[in-house]
Amino acid sequence: MTRRFVVTGTDTGIGKTVFSAALAGALDGYYWKPVQSGLDEETDSEAVRRLSGLAAERVLPEAWRLQTPVSPHLSAEIDGVAIEPQALCIPETDRPLVVEGAGGLLVPLTRQCTYIDVFARWGQSVILCARTELGTINHTLLSVEALRQRRIPIAGIAFIGDARSDTQAVIATMSGVRILGRLPILNTLTTDSLRRAFQDQFDLSLFQEGAVA
């Protein structure tokens with residue numbers, strides 16, 4: 001079985017799509033966003049296609065594309081469709097696959113089911129993206145606790161933002177989760193600049209070892 005990583009975050013808008021693009025590109029793999037909410041601006045899949053350097057066919061189509069940029073459960077209701085969480089199954093691929101969730105772990109897909117419920121059913125390694133700014137210690141530790149309560153394997157934490165050595169150290173110590181690296185904010189975000197930043201800040205072999213609980 002090829003390696004699969006589920007990328008989630010401690011919050012929305014923290015840069016996990018950029019990280020997903022960097023990881024999928026570095027692994028020369030595939031990318032999949034199960035549910036996209038909001039179609040008026042560039043979608044996450046379109047951003048990954050632009051930044052990752054992957055061929056278009058390596059960015060797999062979403063299972064649900066919803067018009068309004070709000071929580072998936074509400075966006076689906078506005079569109080008059082019903083998301084079926086049980087129908088969300090990780091695609092089979094012949095190369096590593098990066099799957100990106102939406103927002104944080106408890107974002108609702110329906111009024112009865114959240115993303116973490118689907119992640120628990122999948123049982124795949126989760127990479128937790130965390131911003132380095134104020135508030136991240138609480139959000140990150142809560143997210144780690146939620147993953148462990150559901151026995152979801154954690155591949156590691158990827159920080160996004162400016163270096164905050166004490167914050168990063170406290171999270172590492174208190175969570176006991178491996179730190180994969182830190183993706184800095186890039187003034188010029190291109191395929192090349194993202195690739196260089198990922199190579200400088202992350203050890204690709206960490207993503208080739210498989211799940212680490």
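Let's start inside this predicted model, with a tryptophan. W32 has a relative accessibility of 5%, so it counts as buried. W122 has a relative accessibility of 13% and therefore also falls under the 20% limit for a buried residue.

These two residues are worth viewing together. A pair of aromatic rings is described by the distance of the centres and the angle of the planes. For W32 and W122 the centres are 6.2 Å apart and the planes meet at 40°, so the pair is tilted. If you trace the chain, you will find W32 in strand 2 (residues 30-32) and W122 in helix 4 (residues 115-122), so their contact ties together parts that are 90 residues apart in sequence.

How many aromatic pairs are there by this rule? The count is nine. Another of them joins F198 and F207, whose ring centres lie 5.8 Å apart with planes at 35°, so this pair is tilted. F198 and F207 are both buried. They also belong to a wider group, since ring pairs link F5, F19, F198, F202 and F207 into a cluster.

An aromatic ring can also have a charged partner here. Look at Y30: R58 lies over the face of its ring, at 5.2 Å from the ring centre.

Now let's step back to the sheet. Strands of a sheet pair through backbone hydrogen bonds, either parallel or antiparallel. In this model, seven strands make an open sheet in the order 4-2-6-1-7-8-9, and their pairing is parallel. Which strands stand at the edges? They are strand 4 (59-60) and strand 9 (179-183); each has a single partner strand, so one side of each is left without a neighbour in the sheet. Within the sheet, strand 1 (residues 4-9) pairs with strand 6 (residues 97-100) in the parallel sense, over four bridges. To find your place along this pairing, look for R4, which stands opposite L97 in strand 6.

Finally, let's turn to the surface. V70, L74 and I78 form a nonpolar patch there, and together they have about 220 Å² of accessible area. V70 is found in the loop between strand 5 (64-66) and helix 3 (72-79). Why does V70 count as partly exposed? Its relative accessibility is 33%, so it falls between the 20% limit for buried and the 50% limit for exposed. That value is also over the 30% that a patch residue needs.

How values were computed
Residues are numbered from 1 along each chain as its sequence is written. This is a predicted model: local features need pLDDT of at least 70, side-chain atom pairs count only at pLDDT 80 or more; totals for chains, interfaces and linings use all residues. Side-chain values use heavy atoms; hydrogens and water are left out. Patches are made of residues with over 30% relative accessible area and no salt bridge: like charges are joined within 9 Å, nonpolar side chains (Val, Leu, Ile, Met, Phe, Trp, Tyr) within 5 Å. Accessible areas come from the Shrake-Rupley method with a 1.4 Å probe; for residues, only the protein chains shown count as cover. A salt bridge is a side-chain nitrogen of Lys or Arg within 4 Å of a carboxyl oxygen of Asp or Glu. Helices (H or I, at least four residues) and strands (E, at least two) are DSSP runs, numbered from the N terminus. Buried means under 20% relative accessible area, exposed over 50%, partly exposed in between (1.4 Å probe, protein chains only). Rings of Phe, Tyr and Trp (its six-membered ring) pair if their centres lie within 6.5 Å; planes under 30 degrees apart count as stacked, over 60 as edge-to-face and the rest as tilted. A charge sits over a ring if NZ of Lys or CZ of Arg is within 6 Å of the ring centre and within 35 degrees of the ring normal. Two strands pair if DSSP finds at least two bridges between them.
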